[in-house]
Amino acid sequence: MLSGFNHLTLAVTDVPRSVSFYHELLHLQLDATWDNGAYLSLPGLWLCLSLDPLRPSVPAADYTHYAFNVEAALFAALVERLRAAGVQEWRDNRSEGASFYFLDPDGHKLEAHVGDLASRLQACRAKPYAGMKFYPPR
């Protein structure tokens, strides 16, 4: 039986460039590096960057993305820092909570999000998506 999320591995084409992006720009803790990869972390997240020269550097066409928490008081400063660094945005926010959608150097779709599952469910209970059901039902 699963007990939690273990780690996320992202295929990258340039390890030093990706380490710089995730450590220096996004402020993930740098835990280890080697010729073909790196380990970084945030509370509750172990991120592995793994060299893969076959990784296309264009974002996938689908909505799959990886969202990081950011405190509301720090959101505007983070967005300003990312925009100043020339980070490419890939979507406008269309849901509850402040969000900034951006790409990493290899085209992985990322999001900085204010809020959590509880705040999302509260917003959805007030204005549910088409056909939405909640479990357990109230």
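**Notes on a predicted model**

1. Let's open with a charged pair. Glu-89 forms a salt bridge with Arg-83, and their closest N and O atoms are 2.8 Å apart. Glu-89 counts as partly exposed because its relative accessibility is 35%. Arg-83 is partly exposed too, with a relative accessible area of 49%. Please keep in mind throughout that this is a predicted model.

2. How many salt bridges does the structure hold? There are 2, so it is worth looking at the other partner pair, where the cut-off is a side-chain nitrogen of Lys or Arg within 4 Å of a carboxyl oxygen of Asp or Glu. The side chains of Arg-17 and Asp-106 satisfy this at 3.2 Å, N to O. This pair links distant parts of the chain: Arg-17 belongs to helix H1, while Asp-106 sits in the loop between E7 and strand E8 (109-113), 89 residues away.

3. Are the two ends of that bridge buried or exposed? Arg-17 counts as partly exposed, at 33% relative accessibility. Asp-106, by contrast, counts as buried because its relative accessibility is 0%. If you are looking at the side chains on screen, Asp-106 is the buried end of the pair.

4. Helix H1 deserves a closer look. It covers residues 15-25, and its buried residues are Val-15, Ser-18, Val-19, Phe-21, Tyr-22 and Leu-25. Its N-terminal end is capped by Asp-14, which places a side-chain oxygen 3.0 Å from the backbone nitrogen of Arg-17. Arg-17 thus appears twice in these notes: its backbone nitrogen faces the cap, and its side chain meets Asp-106 in the salt bridge.

5. Ser-20 is also found in helix H1. At 28% relative accessibility, Ser-20 counts as partly exposed. From C-alpha to C-alpha, Ser-20 and Leu-30 are 9.7 Å apart in space, with their positions 10 residues apart in sequence.

6. Just after H1 there is a backbone detail to check by eye. His-27 has a positive phi of about 70° although it is not a glycine. Most residues other than glycine have a negative phi. The place of His-27 is in the loop between H1 and strand E2 (29-34), and at 48% relative accessibility this residue counts as partly exposed.

7. A second backbone detail comes later in the chain. The peptide bond from Tyr-135 to Pro-136 is cis, and its omega is near -15°. Most peptide bonds are trans. Pro-136 is found in the segment after helix H3 (117-126).

8. Now for the rings. The count of aromatic pairs comes to 7. One of them joins Phe-21 and Phe-102, a tilted pair with 6.4 Å centre to centre and 45° between the planes. Phe-21 lies in helix H1 and Phe-102 in strand E7 (residues 99-103), so the pair ties together parts that are 81 residues apart in sequence. Both of these residues, Phe-21 and Phe-102, are buried.

9. Phe-102 has a further partner. The rings of Phe-100 and Phe-102 have centres 5.6 Å apart and planes at 25°, so this pair is stacked. Phe-100 counts as buried because its relative accessibility is 4%, and Phe-102 does so at 1%. Which residues form one aromatic cluster here? They are Phe-21, Tyr-22, Phe-100 and Phe-102.

10. On the surface, Trp-34, Tyr-39 and Trp-46 make a nonpolar patch of about 290 Å². Tyr-39 has its place in strand E3 (residues 37-42), and at 32% relative accessibility it counts as partly exposed.

11. Trp-46 also gives a reference point for the start of the chain. Leu-2 and Trp-46 are 44 residues apart in sequence and 17 Å apart in space, C-alpha to C-alpha. Leu-2 is placed in the segment before strand E1 (8-12). With a relative accessible area of 82%, Leu-2 is exposed.

12. Finally, the record. UniProt, in an unreviewed entry, places the feature "domain: VOC" at residues 4-115. Over that stretch the chain is 21% helix and 37% strand, and the end C-alpha atoms are 20 Å apart.

Definitions and conventions. Residues are numbered from 1 along each chain as its sequence is written. This is a predicted model: local features need pLDDT of at least 70, side-chain atom pairs count only at pLDDT 80 or more; totals for chains, interfaces and linings use all residues. Side-chain values use heavy atoms; hydrogens and water are left out. UniProt positions are given in the numbering used here, feature names are shortened, and annotations may be inferred rather than shown by experiment. Helices (H or I, at least four residues) and strands (E, at least two) are DSSP runs, numbered from the N terminus. Buried means under 20% relative accessible area, exposed over 50%, partly exposed in between (1.4 Å probe, protein chains only). A polar contact is a pair of N or O atoms within 3.5 Å; within protein, one must be able to donate a hydrogen and the other to accept it, and residues adjacent in sequence count only if both atoms are side-chain atoms. Patches are made of residues with over 30% relative accessible area and no salt bridge: like charges are joined within 9 Å, nonpolar side chains (Val, Leu, Ile, Met, Phe, Trp, Tyr) within 5 Å. Accessible areas come from the Shrake-Rupley method with a 1.4 Å probe; for residues, only the protein chains shown count as cover. Rings of Phe, Tyr and Trp (its six-membered ring) pair if their centres lie within 6.5 Å; planes under 30 degrees apart count as stacked, over 60 as edge-to-face and the rest as tilted.
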